[in-house]
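Reader: I should like to study a protein chain through a series of questions. May we begin once the sequence and the structure are in view?

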Amino acid sequence: MSYLFPTYARWNITVKEAKGSWVTDIHDKKYLDFVSGIAVCNLGHANDDVMAAVQEQLSKYWHMSNLFHQPIQEEVAKLLIEHSDGDAVFFCNSGAEANEAAIKLARKHTGKTNIVTFLQSFHGRTFATMSATGQEKIQQGFGPLLETFTYLPYNDTEALDHLGTDVAAIMLEVVQGEGGVIPAQQEFIQKVTETCKRIGALLIIDEVQTGIGRTGKPFAYQHYGISPDIITSAKGLGNGIPVGAMIGKSSLISTFQAGSHGSTFGGNPIAMAAAKATMTKILNNEFLNEVEEKSNYLIEKLYNIIGNHPKIKNIRGKGLLIGIECNEQVSEMIDQLRENNLLVLSAGPNVIRLLPPLTVSTKEIDEAVEIMNQTFAENKQSIIAH
Ligand SMILES: *Cc1c(COP(=O)(O)O)cnc(C)c1O
C-alpha cells in the first residue's frame, strides 16, 4: 500500500545510505551507482565540500524570497557566466522550469510564438516543456498541447531548410539524453546555428543533463564551437540539492523586467550554496581533463571487453554520458545488472545509459565493466536461442 501517485516504475531497492559512487540498501547490499540520481550527483553522493557549504548556509539563513538582495546568487551567476557564453542568469528549481523560462524569454524577446524542437528530445513535464518534447508517449492523454511547437528529425540537416521567419527559437540537446544518448553531428549543429541566423530565431541549448562537466566541458555545446543565445541547466548544478538556471545573452537581458517572470524558491540560498560548491569543484581544467580521461578509459574498456558481444550494436556518448545500444530491449539486462550490484539506466528501449559520478575511480570503472561482462556472458544463451 502506497500513499503516492504511481508515476514512477520503481526498482525493488530501498536506500539506507549513499556515499561517493556507492549505494547501500536496507539489506546492506552494496551497489556501484552508474546512475548518479540521473546525472545529478556528479561529485558522487553526499559530497563533503557540498555538504559543508550547505551546512554553513543552513546555519546563516534558509530562505528570504527575492525581495532581498542575496550576494550568493550573484556569485553563482558569475560562475555560470564565466564558464558559458551567457551574460545573465535566472534561477529556478528544475530543468523543466529552466526550459519554461527559456521559452517565455524567446517568445517575449522575438514577439514570435513558434518553437522548433526535435524528435526523441526531452525537455520536461510541464505544459510548455511537454509540448516541446518530441515524444508522443510523454504527451499522451494530456492534449491539447501548446500548438506552437514543431518537431524535426535530429541530425537531419536538410529538414532545417524548410523553416521560415515565423520561428522564435530552435531548442535542442546537443546530446539527446533520454532519447537514446545520441550526440549531435558537427555539421548538424553548424546548420542549426546558420538556420537561426537565416530566419532570425534564437538558439536555445538544453544542457539540463549534459551541463556542469558531465561531458568533459562545462557545457556540452562547447564541444561544437557555437555560441547559443540561451542555455538551460539543472540536474548536476547542485549535486542533489534542487536548482535550475536559465542563462541568456546580453541582448536578451532587458526583455525581462521586474514582474516578467519569477519563482518563490528560485535562487534559494541553500541551493545556491550547493551550486557554488559544486561548480567550484568541477569547473576547472584539471577536473574536466580527468573526466575526459575517464571517459576514454571507460569507452575503450567497454569496446575491448564487451564490444564483441552479439547483443551490442554500438557504444557512444560524450564524456561520462555513455550509451550502449543493443539490438533488443534492455530492461531485463538492466534488472540483471542491478542484481549483480551495478545500477544503470535505459535511454529509450534499446540503449543502456551509463552516468557514473564524475569522481568515479578507474578501479570502480574496472569493477563496473567486469559486472557488465559477467552479466552479458550470462545472457549469451538467450540470444542464441532466438
Ligand atoms: C531531466 C531533463 C529535463 C527535465 O528536468 P526536470 O528537473 O526533471 O524538470 C529537461 N531536459 C533534459 C535534457 C533533461 O535531461
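Reader: Is Arg338 buried or exposed, and what is its relative accessibility?

Author: The structure shown is a predicted model. Residues under 20% relative accessible area count as buried. Arg338 falls under that cut-off and is therefore buried, its relative accessibility being 11%.

Reader: With which residue does Arg338 form a salt bridge?

Author: The partner lies in helix 10 (residues 331–339), as Arg338 does, and the two are three residues apart, about one turn of the helix. The partner is partly exposed, with a relative accessible area of 38%. The closest N and O atoms of the pair are 2.8 Å apart, and the partner is Asp335.

Reader: Which residues are joined into one network by salt bridges that share partners?

Author: The structure holds 13 salt bridges. Where salt bridges share partners, they join residues into one network, here Lys313, Arg316 and Glu325.

Reader: How many residues apart in sequence are the parts that Asp161 and Lys191 tie together?

Author: Asp161 forms a salt bridge with Lys191, and their closest N and O atoms are 2.7 Å apart. Asp161 lies in the loop between strand 6 (149–152) and strand 7 (167–172), whereas Lys191 belongs to helix 7 (residues 186–199), so the parts tied together are apart in sequence by 30 residues.

Reader: Is Lys191 buried or exposed?

Author: Its salt-bridge partner Asp161 is partly exposed, at a relative accessible area of 42%. For Lys191 the relative accessibility is 19%. Buried means under 20%, so Lys191 counts as buried.

Reader: Which helices hold Lys301 and Asp366?

Author: Lys301 and Asp366 form a salt bridge, with 2.9 Å between the closest N and O atoms. The pair ties together parts that are 65 residues apart in sequence, because Lys301 lies in helix 9 (residues 285–306) and Asp366 in helix 11 (residues 362–378). Asp366 is partly exposed, with a relative accessible area of 29%. The helices asked for are helix 9 for Lys301 and helix 11 for Asp366.

Reader: What is the radius of gyration of the chain, and what would a compact globule have?

Author: The chain has 12 helices and 17 strands, and its C-alpha atoms fill a box of roughly 60 × 55 × 50 Å along the principal axes. For 386 residues, a compact globule would have a radius of gyration near 21 Å; the chain agrees with this, at 21 Å.

Reader: What percentage of the residues in the chain is buried?

Author: The surface that the chain exposes is about 17,800 Å², and carbon and sulfur atoms supply 53% of that area. The buried residues are a separate matter, counted among the 386 residues of the chain, and they make up 53%.

Reader: Among contacts between residues at least 6 apart in sequence, what percentage joins residues at least 24 apart?

Author: One example of residues apart along the chain is the pair Trp22 and Leu343, 321 residues apart, whose C-alpha atoms are separated by 9.6 Å. For contacts in the chain between residues at least 6 apart, the percentage joining residues at least 24 apart is 72%.

Reader: Is Ile212 buried or exposed, and what is its relative accessible area?

Author: Ile212 is in the loop between strand 10 (202–206) and strand 11 (230–233). Its phi is near 55°, a positive value in a residue other than glycine. Ile212 is buried, and its relative accessible area is 1%.

Reader: What is the relative accessible area of Asn42?

Author: Asn42 is placed in the loop between helix 1 (36–39) and helix 2. Leaving aside residues up to four places away in sequence, Asn42 touches several others, including Ile212, Asn239, Ile282 and Leu358. Asn42 is buried, with a relative accessible area of 0%.

Reader: In which strand does Trp22 lie?

Author: At 24% relative accessibility, Trp22 counts as partly exposed. Not counting residues up to four places away in sequence, Trp22 touches residues among them Tyr31, His45 and Glu364. Trp22 lies in strand 2.

Reader: Which residues does a cis peptide bond join?

Author: One of the two residues, Pro144, is in the loop between helix 6 (136–139) and strand 6. Omega of the bond is about -5°, and the residues that the cis peptide bond joins are Gly143 and Pro144.

Technical notes
Residues numbered from 1 in each chain as written. Predicted model: local features only at pLDDT ≥ 70, side-chain atom pairs only at ≥ 80, totals over all residues. Heavy atoms only, no water. Salt bridge = Lys/Arg side-chain N within 4 Å of Asp/Glu carboxyl O. Helix = DSSP H or I, 4+ residues; strand = E, 2+ residues; numbered from the N terminus. Buried < 20%, exposed > 50% of the residue type's maximum accessible area, 1.4 Å probe, protein only. Rg over C-alpha atoms; globule rule 2.2 N^0.38 Å. Contact = heavy atoms within 4.5 Å. Areas by Shrake-Rupley, 256 points an atom, 1.4 Å probe, with all protein chains shown as cover.
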